[in-house]
Amino acid sequence: MNINEIIELDKKYYANTFGSRVPVCFKSGNGIKLISSEGKEYVDLFAGVAVSALGHSHPTLVKAITEQAGKLLHCSNYYYVEKQGELAELLANNSFADRVFFTNSGAEANEAAIKLARGYFSKQSINKFEFISLNKSFHGRTLATVAATGTLKYQAPFAPMPSGFIKVDANNFEQLEAAATPTVCAIILETVMGEGGVIPLTTEYLQKVRKLCDEKNILLIIDEVQTGLGRTGKLFSYDHHNIKPDIMTLAKALGGGFPIGAMLASEKVSLGFEPGDHGTTYGGGPLACAASFAAVSEIINSDLTSNAATVGTFAMEAFNAISVEFPAIKAVRGQGLMIGIELDGVSASDVKTLCFEKGYLVGIAGGNTLRLLPPLIVTKKDIQDFIPVIKSVLKELGGVVK
Ligand code: PLP
């Protein structure tokens, strides 16, 4: 099929959720390059929203998936799954956590975290059931995770929301402290709010949040679905701030492109679930765990985390340097390879479109922000090659040279 036929089929049969998409269909990929159905090459600086951490068609990941697919795809969690235990051990050994529960997506991982937090207190007969989350946060599309999400437009059509979710502004500790009443069981946050506009929380704020949680017997859930597994220049973003969560959620890079999520907890908190309290048909199946074990091992063994730190710093310096020439660049924010370029007077969506026409895939986030989430294998040279592209796009759109 050519691209027009593909688009027609989508328009006729696909659910009315994604609307008019970027008019391209990718047929293959290699490293940070993708090839479209029309044979055009694109440089991927978005990694399918932070998923393809190893780039495309990474041989280690392809081998792990192919070998496991030839042996066993699925068997159910009624039976033991060898790779599930190995992957849980790998994640526990490299994080604060003692126990891991696997899901199929980030939203499901957060859903599990929300249930675990309530279960942890209800098992002790303690009346704590409310959650505090941040305005502009994003935690998923299921009803509970949408209720935790701090963007009204995702909630409005589906009201009423499940109750018990309180919102406060990011980096405003006084507001958070005032909201932390005795019935609050957990605070859920992203250390860098991705969908909200790539907004980092400060170390001072996060350390105060941790202390508040300890003082008031509140659990800290860190949603590392987007920040996790090397993206910010540390394996987990909480490592930047010298704090530890009680519960952490992962997805996206966890499978390197194969769908898998995880909810990780300390031994003590994991006791909030007893056998039968929670479960999943697909989560943690043999294929997902084989893929994830290969992806996570590759991130650790090839030290892609350090690459994210080095290339991320280089990229942010480069974008800051061009902001001197281009007043349209209002701010450059982020951590590691999670980069937001906030624009003023030029639409981030138009920049995205023109970058696409020039063969570069970038994303957008809240507040007119261009969002870059390249594969963790991206090089300084790849970033250097992108600089003239974004400069010419900004010039074309009138974000003129100062
Ligand atoms: N949490 C964060 C921080 C996210 O960025 C996302 C997705 O963008 C999610 C949760 C939801 O993940 P999924 O789309 O896999 O359900």
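The legends below describe close-up views of a predicted model.

**View 1. Surroundings of the ligand in the predicted model.** The ligand is surrounded by 13 residues, and the closest of these are G106, A107, D223, Q226 and K252. Helix α5, which runs over residues 106–122, contributes the largest share of this shell, with 3 residues. By residue class, the shell around the ligand divides into 3 nonpolar, 6 polar and 4 charged residues.

**View 2. Polar atoms facing the ligand, with Q226, E195 and F138 shown.** A polar side-chain atom of Q226, which is also listed among the closest residues of the shell, lies 2.8 Å from an oxygen atom of the ligand. An N or O atom in the side chain of E195 is 3.4 Å from an oxygen atom of the ligand, whereas F138 is placed with a backbone N or O atom 3.4 Å from a nitrogen atom of the ligand. Taken on its own, the ligand has 390 Å² of accessible area, of which the protein covers 81%.

**View 3. The second largest pocket and its lining.** This pocket holds about 850 Å³ of space and is lined by 29 residues, with Q84, V100, F101, F102 and H278 lying nearest its centre. Helix α4 (82–93) and the strands β4 (99–103) and β12 (261–265) each supply at least two residues of the lining, and β4 gives the most, with 4 residues. In composition, the lining of the second largest pocket comprises 14 nonpolar, 12 polar and 3 charged residues.

**View 4. The largest cavity, with the loop residue S76 in its lining.** A search of the whole structure finds 1 cavity of 30 Å³ or more, and the largest cavity has a volume of about 30 Å³. Its lining is made up of H74, S76, N77, V81, T281, Y282, G283, G284, G285 and P286, which divide into 3 nonpolar and 7 polar residues, with no charged residue. One of these lining residues, S76, is found in the loop between α3 (59–71) and α4, and S76 has a positive phi of about 95° although it is not a glycine. Most residues other than glycine have a negative phi.

**View 5. The cis peptide bond between A159 and P160.** The peptide bond that joins A159 and P160 is cis, with omega about 0°. P160 has its place in the loop between α7 (152–155) and β6 (165–168). Most peptide bonds are trans.

**View 6. The hairpin formed by β13 and β14.** Strand β13 (residues 329–335) and strand β14 (residues 338–343) pair in the antiparallel sense over 6 bridges, and G334 stands opposite I339 in β14. The hairpin has 2 residues between its strands, and in the turn G336 has a positive phi of about 60°.

**View 7. An open sheet of 4 strands with mixed pairing.** The strands of this sheet follow the order β1-β2-β3-β15, and its edge strands are β1 (26–30) and β15 (360–361), each of which pairs on one side only. Strand β3 (residues 41–44) pairs with β15 in the parallel sense over 2 bridges, and within this pairing the bridge partner of D44 is L361 in β15.

Technical notes
Residues numbered from 1 in each chain as written. Predicted model: local features only at pLDDT ≥ 70, side-chain atom pairs only at ≥ 80, totals over all residues. Heavy atoms only, no water. 1 Å grid on protein atoms, 1.4 Å probe; cavity = no way out; pocket = protein on both sides within 12 Å on 5 of 7 lines; lining within 4 Å. Points joined across faces, edges and corners; volume = space filled by probe spheres on them. Nonpolar A, V, L, I, M, F, W, Y, C, P; charged D, E, K, R; others polar. Near = heavy atom within 4 Å. Polar contact = N/O pair within 3.5 Å; in protein donor to acceptor, adjacent residues only side chain to side chain. Areas by Shrake-Rupley, 256 points an atom, 1.4 Å probe, with all protein chains shown as cover. Pairing = 2+ DSSP bridges.
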